Amino acid sequence: MAVTISRGTNLVEHHQTTPLTAVDLSVEVHADSSEFTFAAVVTGGANFTLALECSFDSTSWFTIDSSKTINTNGEYVYFYDGKPAAKVRMRIASISSGTPTVMPHIAVVYEG
């Protein structure tokens, strides 16, 4: 999956890929930060669970916050601060019904 990265004022990197449409599809990015934002633009009218996770080695993944159950189309944004991680990812954890299309966005903030 190709990742598009844009950088603003050397403080924020914005990562975007192709849409996630199936269980366990994910977008993973290097963070090396403790401040990041996940945004999902959802279409497809599905009922599914989105997992927001972090890792220090890309092998073991840990839940940043409780998984997010989404059952309507729309834009969903989750902000996190004070949660250091080497990598972060957004993943479709499960689908209860329908066929979701999730356009993932991850922004990583670098201070200094």
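**Exercise 1. Overall composition**

What percentage of the 112 residues in the protein is buried? State also the secondary-structure content and the character of the accessible surface.

*Solution.* The coordinates under study are those of a predicted model.

Step 1. Buried residues account for 41% of the 112 residues.

Step 2. The protein contains 0 helices and 8 strands. Read from the N terminus, the order of elements is β-β-β-β-β-β-β-β.

Step 3. The accessible surface amounts to about 5700 Å², and carbon and sulfur atoms contribute 51% of that surface.

Step 4. Among contacts with a separation of 6 or more, 75% are between residues 24 or more positions apart.

**Exercise 2. Strand pairing around strand 7**

Determine how many bridges join strand 3 to strand 7, and how many join strand 4 to strand 7. Give one residue pair for each case.

*Solution.*

Step 1. Strand 3 covers residues 26-43 and strand 7 covers residues 74-97. The two run antiparallel and are joined by 14 bridges. Within this region, V29 has V88 of strand 7 as its bridge partner.

Step 2. Strand 4, residues 47-55, is also antiparallel to strand 7, with 9 bridges between them. In strand 7, S94 stands opposite T49.

**Exercise 3. The nonpolar core**

Identify the residues of the largest nonpolar core that touch the most other members, and name strands that supply the core.

*Solution.*

Step 1. The largest nonpolar core has 25 residues. Those touching the most other members are F38, F48, L50, V88, M90, V102 and I106.

Step 2. At least two residues of this core come from each of strand 3, strand 4, strand 7 and strand 8 (101-109).

Step 3. Consider F38 in detail. With residues up to four places away in sequence left aside, F38 touches L52, E53, I64, Y76, V77, Y78, Y80, V88, R89, M90, H105 and I106. Because its relative accessibility is 0%, F38 counts as buried.

**Exercise 4. The aromatic cluster**

Classify the aromatic pairs of the structure by geometry, and establish which residues form one cluster.

*Solution.*

Step 1. An aromatic pair is described by the distance between the ring centres and the angle between the ring planes.

Step 2. The structure holds 2 aromatic pairs. In the pair of F36 and F38, the ring centres are 5.9 Å apart and the planes meet at 75°. Planes over 60 degrees apart count as edge-to-face; therefore the F36 and F38 pair is edge-to-face. Both F36 and F38 are buried.

Step 3. The pair of F38 and Y80 is likewise edge-to-face, with 6.1 Å centre to centre and 75° between the planes. Since F38 belongs to strand 3 and Y80 to strand 7, this pair ties together parts that are 42 residues apart in sequence.

Step 4. Y80 has a relative accessible area of 8%, so Y80 is buried.

Step 5. F36, F38 and Y80 make up one aromatic cluster.

**Exercise 5. The setting of K68**

Is K68 buried or exposed? Describe its position and its contacts.

*Solution.*

Step 1. K68 belongs to strand 6, which spans residues 68-70.

Step 2. Its relative accessible area is 15%. Buried means under 20%, so K68 is buried.

Step 3. The side chains of K68 and D65 are joined by a polar contact of 3.0 Å.

Step 4. Residues up to four places away in sequence not being counted, K68 touches F48, T49, L50, L52, Y78 and Y80.

**Exercise 6. Two partly exposed residues**

For L25 and M103, establish the accessibility class and a partner distant in sequence.

*Solution.*

Step 1. L25 is located in the loop between strand 2 (12-16) and strand 3. L25 counts as partly exposed because its relative accessibility is 30%.

Step 2. The C-alpha atoms of L25 and R91 are 5.7 Å apart, although 66 residues separate the two in sequence. Beyond four places in sequence, L25 touches L20, M90, R91 and I92.

Step 3. M103 lies in strand 8. At 23% relative accessibility, M103 is also partly exposed.

Step 4. M103 and A40 are 63 residues apart along the chain, with their C-alpha atoms separated by 5.6 Å. Not counting residues up to four places away in sequence, M103 touches Q16, T17, T18, P19, A39, A40 and V41.

Conventions:
Residues numbered from 1 in each chain as written. Predicted model: local features only at pLDDT ≥ 70, side-chain atom pairs only at ≥ 80, totals over all residues. Heavy atoms only, no water. Helix = DSSP H or I, 4+ residues; strand = E, 2+ residues; numbered from the N terminus. Buried < 20%, exposed > 50% of the residue type's maximum accessible area, 1.4 Å probe, protein only. Polar contact = N/O pair within 3.5 Å; in protein donor to acceptor, adjacent residues only side chain to side chain. Contact = heavy atoms within 4.5 Å. Pairing = 2+ DSSP bridges. Areas by Shrake-Rupley, 256 points an atom, 1.4 Å probe, with all protein chains shown as cover. Core = buried A, V, L, I, M, F, W, Y, C linked by side-chain atoms within 4.5 Å. Phe/Tyr/Trp six-rings, centres within 6.5 Å; stacked < 30°, edge-to-face > 60°.
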